[in-house]
Amino acid sequence: RIFRVFRFLRLLRAFVYGDMAWCETPKFELFISGVIGLNSVVMALQLDFKWDGWVYVESIFLAIYAFELAVRLKRFRCRFFSDKDNLLWNYLDFTMVLGG
């Protein structure tokens, strides 16, 4: 168990001291767009198929969205809430993930 703690601390250190510039790359944007699209399909399937596992699928999506928000907050800091070009989307993102 102690090795898991060390592994987590190493990941945390990489997050704290990392640049996070990769969150602005087209690959990352494409990945997040794909996740949003897949989430839309899953929401449509939830209406037609009753399955107890949908809770776990939703939790995976929420973890991805929370990771994206954390990376963007780390990258842009206070500018995340004051960027005029993305102000509406940033607040919508923040509200949706926080309420998730």
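Start by selecting Cys23, Phe61 and Tyr65: these residues have the most contacts inside the largest nonpolar core, a group of 14 residues. Helix H2 (26-48) and helix H3 (54-76) each supply at least two residues of this core. Colour H3 next, since the largest share of the core, six residues, comes from that helix. The model on screen is a predicted one. In soluble globular proteins, nonpolar side chains tend to be buried together.

**Tyr65**

Stay in the core and centre the view on Tyr65. Which residues does Tyr65 touch, not counting those up to four places away in sequence? Show the side chains of Val35, Ile36, Asn39 and Val97 to see them.

**The whole chain**

Zoom out and switch to a cartoon. The chain has four helices and zero strands, so the order of elements from the N terminus on reads α-α-α-α. The radius of gyration of the chain is 16 Å, whereas the globule rule gives 13 Å for 100 residues; the value is well over the rule, so the chain is more spread out than a compact globule. Turn the C-alpha trace along its principal axes, and the spans are about 45 × 45 × 25 Å.

Now put a surface on the chain. The accessible surface comes to about 8,200 Å², and carbon and sulfur atoms account for 68% of that area. Of the 100 residues in the chain, 21% are buried. Contacts can be drawn as lines: among those between residues at least 6 apart in sequence, 61% join residues at least 24 apart. For a charge view, colour the 13 positive and 10 negative charges; their mean positions are 13 Å apart.

**The loop between H1 and H2**

Go to the loop between helix H1 (2-17) and H2 and select Met20. The backbone is worth a look here: Met20 is not a glycine, yet its phi is positive, at about 65°. Is the residue buried or exposed? Met20 has a relative accessible area of 5%, which is under the 20% cut-off, and therefore counts as buried.

**Arg72 and Arg77**

Move to helix H3 and select Arg72. With a relative accessibility of 11%, Arg72 counts as buried. What is Arg72 in contact with, leaving aside its neighbours within four places in sequence? The list is Cys23, Phe28, Glu29, Arg77 and Phe80. One of these, Cys23, was also selected at the start, as a residue with the most contacts inside the core.

Follow the contact from Arg72 to Arg77. Arg77 sits in the loop between H3 and helix H4 (87-99). Like Met20, Arg77 can be checked for its backbone angle: phi is near 50°, a positive value in a residue other than glycine. Arg77 is exposed, because its relative accessible area of 56% is over the 50% cut-off.

**Along helix H2**

Select three residues of helix H2 in turn, beginning with Ser33. Ser33 is partly exposed, at a relative accessible area of 44%. Draw a distance from the C-alpha atom of Ser33 to that of Asn90: the two are 57 residues apart along the chain, and the separation is 15 Å.

Next select Met43, also in helix H2. Met43 has a relative accessible area of 47% and is partly exposed. How far from the C-alpha atom of Met43 is that of Phe6, 37 residues apart along the chain? The separation is 37 Å.

Then select Gln46, which is placed in helix H2 too. Gln46 is buried, because its relative accessible area of 17% is under the 20% cut-off. Leaving aside neighbours within four places in sequence, Gln46 is in contact with Trp54 and Glu58.

**Last stop, helix H3**

Finish in helix H3 with Ala70. The relative accessibility of Ala70 is 29%, and the residue counts as partly exposed. A C-alpha distance from Ala70 to Asn39 reads 19 Å, for residues 31 apart along the chain. Asn39 has appeared before, among the residues that Tyr65 touches.

How values were computed
Residues are numbered from 1 along each chain as its sequence is written. This is a predicted model: local features need pLDDT of at least 70, side-chain atom pairs count only at pLDDT 80 or more; totals for chains, interfaces and linings use all residues. Side-chain values use heavy atoms; hydrogens and water are left out. A nonpolar core is a set of buried Ala, Val, Leu, Ile, Met, Phe, Trp, Tyr and Cys residues joined through side-chain atoms within 4.5 Å. Buried means under 20% relative accessible area, exposed over 50%, partly exposed in between (1.4 Å probe, protein chains only). Contact means heavy atoms within 4.5 Å. The radius of gyration is taken over C-alpha atoms; the globule rule is 2.2 Å times the number of residues to the power 0.38. Accessible areas come from the Shrake-Rupley method with a 1.4 Å probe; for residues, only the protein chains shown count as cover. Lys and Arg count as positive and Asp and Glu as negative; His and the chain ends are not counted. The place of a charge is taken as NZ of Lys, CZ of Arg, CG of Asp or CD of Glu.
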